[in-house]
Each structure stands twice: as C-alpha cells, then as structure tokens.
Amino acid sequence: MIEFDNQNSFIDVLIYVFFFVTYGYTVFVMVSYLVLGILSVVQARKYLRRNSYTDYLNILQSPEAPTVSILAPAYNEEASIIENVRSLLSIRYPNFEVIVVNDGSRDRSLIKLIEEYHLERVDFAVNYTLATKNVKAVYKSKNPAYNNLVVVDKENGGKSDALNAAINVSTGEYTLNIDVDCILEEDCLLKLMKPFLEETEKNMIATGGVVRIANNCKIDKGRITEINVPNKLLSQFQTLEYLRSFLLGRVAWGSLDGLLLISGALGVFQKELVIACGGYDDDTIGEDMELTVRMRRYAREKDIDYVVGFVPDPLCWTEVPESWAVLRRQRNRWTRGALETLVAHKRLFLNPYYGKIGMISYPYWLLFEWLAPLIEAFGILLLVLFSLLGVINISFLYLFIALIYGYTVSFTIATLYIEEITFFHYKKRRQLLRLVLAGLLEPLIFHPFLVYCSVTGNWDYFFEGKKAWGSMKRVGFKKPSNGSKGRKITISKPSPSSKNQVRSSPAGA
Amino acid sequence: MSRFFTETYYFLVALEPRYKIVLFLVISLLILAAAMIVIVLRERSRKNSVENRERRISRNVEPIIQEIVFSEYDGGEFKDAIKKINRIVDSALYRKSNMAILNELILYYHRNLGGEAFNRLEMLYREIGLKQIALDNLRIGEWHIKAINDLSTMRMGESLFDILQYTDYENQNVRYEAQYAAVKLGGKKAMGFLDDLDTPMSEWQQIRLLDQSLKFEYELIDRMGKWLRSDNNSVVVFGLMIMRNLNQYHEKGELRKLLYHKDEKVQEKAIDTARELAYAECLENLYEVYELTKKIRIKKQILCAMGDLGGSKEVGFLRETIAREKEYDLVFEAAQSLKRLGRRDVLVSYKEQELSEKGESIVKHILDDRI
C-alpha cells in the first residue's frame, strides 16, 4: 500500500501508522456492527417467541397495574395537537394520565386544547420538586370522559424544563416521556411496562422502544392504519438508518444492558429515580441521552442493582425531515447533544466502577459514535492529500473502499432480512425493492452527508458554542385524498430556526 | 470469452496476497448481499404459500367446525365430521403444519365462544388428536410453553397433573406458564404450589395469577396463612393481593404482622390491604409504623389508610401532620385524607388561617373538587 524509500523517513512511518490505524479502526467498526447485529437477531427472536403467548388482557383488566403518567411537552404544535392528544388518550392501559405541557407556545395550541377538551383552570398545587420556569396555570377538563387529561401552561423554558414541569404535576409511579407529535401504538404502554413488571432480580429504571418512520404511512384517528415506505429518497435513507439503529443497535445494547440512550420520543422511566437524580438537565440539548446516562450513573453510585430495558417491538411512529436543510440542523443538534453528554460524564470513560457502561458503552459511543465521522472525514482529507502526493497505492485503496461499500450494503440488506423474519412491516414487494435500492445509494449519498453534519456539529460545539435547537415546523396530518382511508403525513418547509424549540430528536438514532 | 476468463485468472493469480484477501472479501460480500435479497424474496414466497395453505384449510375446515359447534350432532355424525377434517389436513408433506393450523383455528373459536359450543370444541380437540399432540410436545420438552398454553386454553383439566410438574421448573417462562395453567385448570386447589415456591414471581406473573383467581367463586382460601408467612416475598405480596381482592378476612393476624415487614414492597402492600379491607383495628399499629419508618412512601400510605379507616383521633393526627410536616407529599396526603374523612371544615379553616404559601396551595388543591 505504501511505497517506502530505501531509507525509512519519519513521514513514511507516520503514513504507515496512519494506514494501520485507519484500516484497523474500519475493520474493528465492521466487526463490532456484526457482533451487535447477531446479538440483536438472537434477542429479537427470543422476544418474539416469548411474547407470542402474552395476553395483555390480564394487565389491562387488573386493578394492580401501576400508574403511569404520559408526559407530552408541546411548543407551537397547533396543527396536530388535538389529534395527537386524542391518540394519547386512547392508549390501552388501565391506569394512566396524560399531561400535556404547553411550553409558552406562540400559536393557538393552548386555546385549541381548551376549546376541544372543555378545559377549565383549577387550583392545582404544583410541587416544584424539580426547578422549572413558572407554571402559569393548570387545566382539567369539565368533561368526565377526559378525566385523565391535565394541561399545564407554563413560561417557555425548553423541552427539558417542560418535562420537569410535567414530572412535578404527575401522580404516576412511572412516566412515559414522549414527543407530542409521535404516534404511539395502542398497546405501546402495555408493552413498555411489561419489562418493569417482569423484572424480579434487579431494579428496572427505564425502558425504551423501537421508533419507526411514519412518513407516507396512512393515519386514521391518530393510529397508523397502513405502513408504507416513504416516497422521498431522503426519508428512505432515514428508514434504513432507523431500522439499523433500532433493530440491530439498540436491541443488542439492550440485551447487554449497555444502553446509553432512551430516545426522547419514547421512554418509560421510574419517576422516583428521575426525581432523585435531579430530573432533566436544562443546559443540554441532548436531554434524553443525558438523563439516561445520569440515571445509570446515579443508580451505580447509590449501589442500586439496576437494569435498563429495551422492547424490540415498533411502538412509536414519527415523521422525519424530508429536506436536507432540516436534516442537517437535526443531525448537527444530535451531535452536539451527544457530545455534551459525553463531556459531562467523562468520568465514566474506562472506569471499572461503572461496570459495563464505563468499560464498554461509553468507550464504544466515544470511539464509534462520536469519533467515527471525524476520523472518517480526517481520513478522506488525508487520502486525497496522499494521492495527490503519490504516496499511496490507489488500487489497494479503491479495493478497500469497495470492501467498505460491500459491507455497508450487505449489512443494510441483512437488516431488511431481519425485519422480514421478525416484525415484517413492509409487506409490499415493491416497497422492499425500493429500500434495497436506497440501500445501494445510501453509502454514496446519505452517509457522506451525515459525516458532514457531524463534523459541523463538532465545529459548532467546540468553536461556536451553539446551544439552539433546529426547527421542524409541522402542518399536521393531511386529510386523505378522495377514495383513500386515513391520512398521510406531510411535512412543511422548515421555518427559520428559533430558540427553545420544544422538539426532541425523533429517534436520537 | 475463454480468453477473457484465462486473462482474468492469470491477473488474479498474479495479485499480491493482501489484494487477494480484500478482493475475496468484496466478492463474498456482494454475493452475500445478492443471496440475502434472494432469501428475503423466497421468504416472502414461503410466507405467501403458508398463508394460502392456511386460508385453504380454514376455508374447508371452518364450515365443518361451525356445524359441529352450532348443530346437534349425534355420535355418528361427529365421527364423520372428524373424518372429513382429517382428510383435509392429511398430507404427506404438511401434516404437522396443517395440524398446527387446525389447532390455531380451534383455539380461536374456543376463545370466542362459550356454553355448549365450548364443550363441543373441547371434545373435537380431544378426538381429533390435538390434545395428544400437545401432551407429546409437553413430554418431549421441545414446546413446553406452547403445549401448556394450548392445554390450558382448551381447558384440558385431565392434563393438570402433567402441568403441575412444571410449576417450579428451572426455566422461568415454562414455570410461569405452568403456574398460570394450573390455576386456570385446577382453581384454588391447584394453588398449592405456592406453599413452598422458592423462585420469585414477577409482578406480571402475580397479575396474571390474580386475573385467574378473580374468576373463583367466593370461598375461604385456607392456604392464605402459609403464603403470608412465606419466606418468598413475592408469594407474600401475591397472598396480600388475593386477600384484598377476594376479601379473605380470616388472616387478619398475619396481616397485622406484615405491617412491620422489613421489605418495603410487602409493607406497602400490607398497609394498602388493611385499608381496602377496612381493618380499623390495626390503626394503633399504623401509628407505630409511622413513627418507626423513615420511608416517605410508607408514611404516605399510612396517611392514606387513615383517611379511610380513621375517626376523630386520626383527624387530630392529620391536622397536626399538615401543620408540622415539611414534606410536600405528606402534607398533601394528610389533607386528602382529611377530605375523605369528611372534614372539609378543617381544611377550610386552614385556608382562612395564615398558612405557608405551599400549605395554602395544597389545601386549595384538595378543596377543588374538579381535580
């Protein structure tokens, strides 16, 4: 690969080390993905086999089911809030309340809620266990049918602040933290609560579930009625990315009890522990990951024998950006969010006291989630430089790139195969082939874009000190065209970025 | 053409080993990817053919099952119907999977029907040999859970003894399924396995067993004392759940002891059970526990119980708690209990007095009936 001079110069050695590290790193990443993939398949099959006889009716009828508070922060969601709250209220679970927090919206979100659900202001004593911005009012419905709905109106403080306010108002033992624009499966809560109720040896502190992409799916009365592959190539890329991330990544990490992230779009937490460790951190934009890591750290430091679960079932559907500009802002934010958490909890790195998260999860995240795009970008720059200088063997390099491409495509197709033998959501042959095609293009178009977003995210974090959220304005779920049932999700063009946008990463993939 | 292959061959042979390795990997991956696409598509075809077969069998068998279920068949007609079904599912290649399809069909009908139809389906299940298949699967040990689940769903009471062997089985899933099936098939008599159960029962399992137990007709469960004295905390908690949901008052003495249990979950459940059973005699013990414990959850539970069990003495205690306690949850619970005791007047008088801002907002909250 490298043409050495007769006398090995220092630069030659450096180049040699560079190639050794780059190739070694790439192979290591590939092997780790393979191991995680295998683990995921085993785990998903085990889960499906074990749950094929589960009768959720037992718990649905049980007076002993623990109480759960569904926390839904909302900021300028007037387009879809009514529909989304209705979907939340119709979740199948015996004992739950829905707490919607209007985080100082500048649109008609609150007025719409008041009108639709016949809300009136009540004398609610808010317990500020977690410090938040001022709660202006708490509303309950006059209609007994919405008895389990609580709407909190507060000053704008960001998503973390809104979630903390919701925790203060909640009465449940557990909280289901979601994005208000997500569409949940009817039995989502039953499935997410099951790991808490099944655990006998350890203290289950949180569970997450699989988030899938709802673009182009048909939606009726707040429920997904037909699952489709998105029409736009960009959304198809993200479909593949989510499949890989959740079906192969998170499921495996869940089985190893090494999850560092329970997505802000869907996660159940033990409320007592969330409060004990201080709730959501206002100063981070990656609040979902930060809380998960902090809870784990807290549990370990307090000698609580804990576990974090993960349900491989797709339980939540979310829309993803359909424009490159919005996606860029979203990924930039995810990078900064992850980075903030990694920096805030650097003490975990290779610290045997923290067990698996210190010795495996944190280093893995640091090396392969945060550093990977940077190493890749750096590597590409150097390769261009080296090839211009003529110090590398181009044909071997091409071959190596072909190997990476082949591996990525094989991995994507393996993911589709696993989806096929497990949850089998994309039933039409044409849809499957579209995903295969997207899988062939993804390493050439989408992946370099993600690397670019990640690099700019790092730049913004280290040199610009950016903390703002990107924005993704919604127009709500469109009425179906004549002759078709349900609705299809469409996303409007992005609005200019605004501060304190209450919108989490759809998946935090 | 042959020249092309020859040249390619010599080109490959002449390559350096590292090139060969990488090239081999690239080609292997591409072949693997192509193979996986083919497998995915074949998997779809296989699924389709299975679904088609399922539909065909269902289409042919369903009318026969419906006739068995809904008409007055005599012995001869019943046998003829079974022969007909056997002819449909009989196949050299697919007998096993056809029987599985038939099994699911009968289970489906069984879940959705009742009365005489229910009994006829059970008879059909036995006669057609599905019960035997389930028992064989159970004994072979390959399909424990499925077999146990099928036998209990079809209410094959005669297989209870086969199933009881698995109620303390090493595999948790098999054990849970066997425990559930035992309660379903044998009622409270089969709950004897709880007497000396060493393994913990998850909350999920407790809820499942409770769900079955709620179908019992009211009768004294004399084993209750053993469960409440068990070293297995999950059995104790389950015992308490049964106690309050099936109104088993006769073990109140044990319940009183459990108020002092060292396990927080058991203690909490015991207080809750005392409250639900209106066991006012234990109020003195609750005062004692309140003083002894440092756990807010337990204190809250006790204050809540006082709201249901208490009298004038408790009103005084609750008033004092509101005035004295700094913990929000305890003040809130005490105020709520006062309201449940019908003493809004006390709360109103508090409202009029100069309370702390926090205390005042709690009292306002409690007095607001819309919440």
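## Domains, core and helix packing in a predicted model

In chain B, the centres of domain 1 and domain 2, taken over C-alpha atoms, are separated by 29 Å. This is a predicted model, in which local features need pLDDT of at least 70 and side-chain atom pairs count only at pLDDT 80 or more, while totals for chains, interfaces and linings use all residues. Residues are numbered from 1 along each chain as its sequence is written, and chains are lettered from A and ligands numbered from 1 in the order in which they are written.

The domain assignment of chain B places domain 1 at 195-277 and domain 2 at 290-371, such bounds coming from an automatic or database domain assignment. Seven residues from domain 1 of chain B and nine residues from domain 2 of chain B enter the contact, where two residues are in contact if their C-beta atoms, placed from the backbone, lie within 7 Å. On the side of domain 1 of chain B that touches domain 2 of chain B, the residues comprise two nonpolar, one polar and four charged; here Ala, Val, Leu, Ile, Met, Phe, Trp, Tyr, Cys and Pro count as nonpolar, Asp, Glu, Lys and Arg as charged, and the others, Gly among them, as polar.

The largest nonpolar core has 201 residues, and those with the most contacts inside it are A:Ile70, A:Ala72, A:Ile99, A:Val100, A:Ala166 and B:Ala335. Such a core is a set of buried Ala, Val, Leu, Ile, Met, Phe, Trp, Tyr and Cys residues joined through C-beta atoms within 7 Å, a residue being buried if 20 or more other C-beta atoms lie within 10 Å of its own, exposed if 12 or fewer, and partly exposed in between. Helix α7 (residues 233-255) of chain A gives the largest share of this core, 11 residues; helices (H or I, at least four residues) and strands (E, at least two) are DSSP runs, numbered from the N terminus. Because domain 1 (195-277) and domain 2 (290-371) of chain B both give residues to this core, it lies between them. Leaving aside neighbours within four places in sequence, A:Ile70 is in contact with A:Leu88, A:Phe96, A:Glu97, A:Val98, A:Ile99, A:Leu176 and A:Ile178.

Two loop residues of chain A remain to be described. A:Asp303, in the loop between α9 (287-301) and β12 (306-318) of chain A, has a positive phi near 60° although it is a residue other than glycine, and it counts as exposed, with 7 C-beta neighbours inside 10 Å. A:Leu350, in the loop between α10 (324-344) and α11 (355-389) of chain A, likewise is a residue other than glycine with a positive phi, near 50°.
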